[in-house]
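Subject: Structure handover

Hello,

Here is the structure I said I would pass on. Please open it beside this message and follow the residue names as you read.

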Amino acid sequence: MRWKEIVAGLMVAGVLFGIPAAAIAYQNSYATQVIPVKLSQWKIEPEIHVKAGTKTRLLLIATDVTHGFQIGRLINIKAIYPGHPQELIVTAVDPGTYEISCSNTCGVDHAKMLGKIVVEK
């Protein structure tokens, strides 16, 4: 009788720990690429390269002052604070090169703060 209780306990533990672990693994594999993007006066680094149709997680990191992150009219995050990275999951569809800019006035050369996202086939 004792062995049945042990087996039942192991099965319950497997369900309790297995389902959350599978969910976390699935969520982490959902965005296949993670790219840290540094926003600093007056640079956006690195140039971002993604494959069309692939979910990509961008980790936006302001290194000095509050910045914004804008890709054309599609995405506009107004405030990314130093010490508080923000995560953005994107799926680029159309191949091409798109301009990234800072959408929060961050200093004298704010207008020069540009970057690129290259969507490849």
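Does Arg 57 count as buried or exposed? Its relative accessibility is 14%, and the limit for buried is under 20%, so Arg 57 counts as buried. Please keep in mind that this is a predicted model.

Arg 57 is a useful place to start, as its side chain meets that of Glu 87 in a salt bridge, with 3.9 Å from N to O. Arg 57 belongs to strand β4, which covers residues 55–62, while Glu 87 belongs to strand β7, so the pair ties together parts that are 30 residues apart in sequence. The two partners are not covered alike: Arg 57 is buried, whereas Glu 87 is exposed, with a relative accessible area of 51%. As general background, side chains of opposite charge can pair when their charged atoms come close.

How many salt bridges does the count come to? The count comes to two. Besides the pair of Arg 57 and Glu 87, there is a salt bridge between Lys 112 and Asp 109, whose closest N and O atoms are 3.9 Å apart. Lys 112 has 60% relative accessibility and counts as exposed. Asp 109, at 28%, counts as partly exposed.

Now the overall layout. The protein has one helix and nine strands. Starting from the N terminus, the order of elements is α-β-β-β-β-β-β-β-β-β. Of the 121 residues in the protein, 28% are buried. The accessible surface is about 8,000 Å², and carbon and sulfur atoms account for 62% of that surface. Taking the contacts between residues at least 6 apart in sequence, 57% join residues at least 24 apart.

The last item is the largest pocket, which holds about 230 Å³ of space. Its lining is made up of Ile 71, Leu 74, Ile 75, Val 90, Thr 91, Ala 92, Val 93, Asp 94, Tyr 98, Ile 117 and Val 119. Two elements each give two or more residues to this lining: β7 (86–91) and β9 (114–120). Strand β7 is also where Glu 87 of the salt bridge with Arg 57 lies. By type, the lining residues divide into nine nonpolar, one polar and one charged.

If you want a route through the model, begin at Arg 57 and its partner Glu 87, and then go on to the pocket lining, with Val 90 and Thr 91 among its residues.

Regards

Definitions and conventions:
Residues numbered from 1 in each chain as written. Predicted model: local features only at pLDDT ≥ 70, side-chain atom pairs only at ≥ 80, totals over all residues. Heavy atoms only, no water. 1 Å grid on protein atoms, 1.4 Å probe; cavity = no way out; pocket = protein on both sides within 12 Å on 5 of 7 lines; lining within 4 Å. Points joined across faces, edges and corners; volume = space filled by probe spheres on them. Helix = DSSP H or I, 4+ residues; strand = E, 2+ residues; numbered from the N terminus. Nonpolar A, V, L, I, M, F, W, Y, C, P; charged D, E, K, R; others polar. Buried < 20%, exposed > 50% of the residue type's maximum accessible area, 1.4 Å probe, protein only. Contact = heavy atoms within 4.5 Å. Areas by Shrake-Rupley, 256 points an atom, 1.4 Å probe, with all protein chains shown as cover. Salt bridge = Lys/Arg side-chain N within 4 Å of Asp/Glu carboxyl O.
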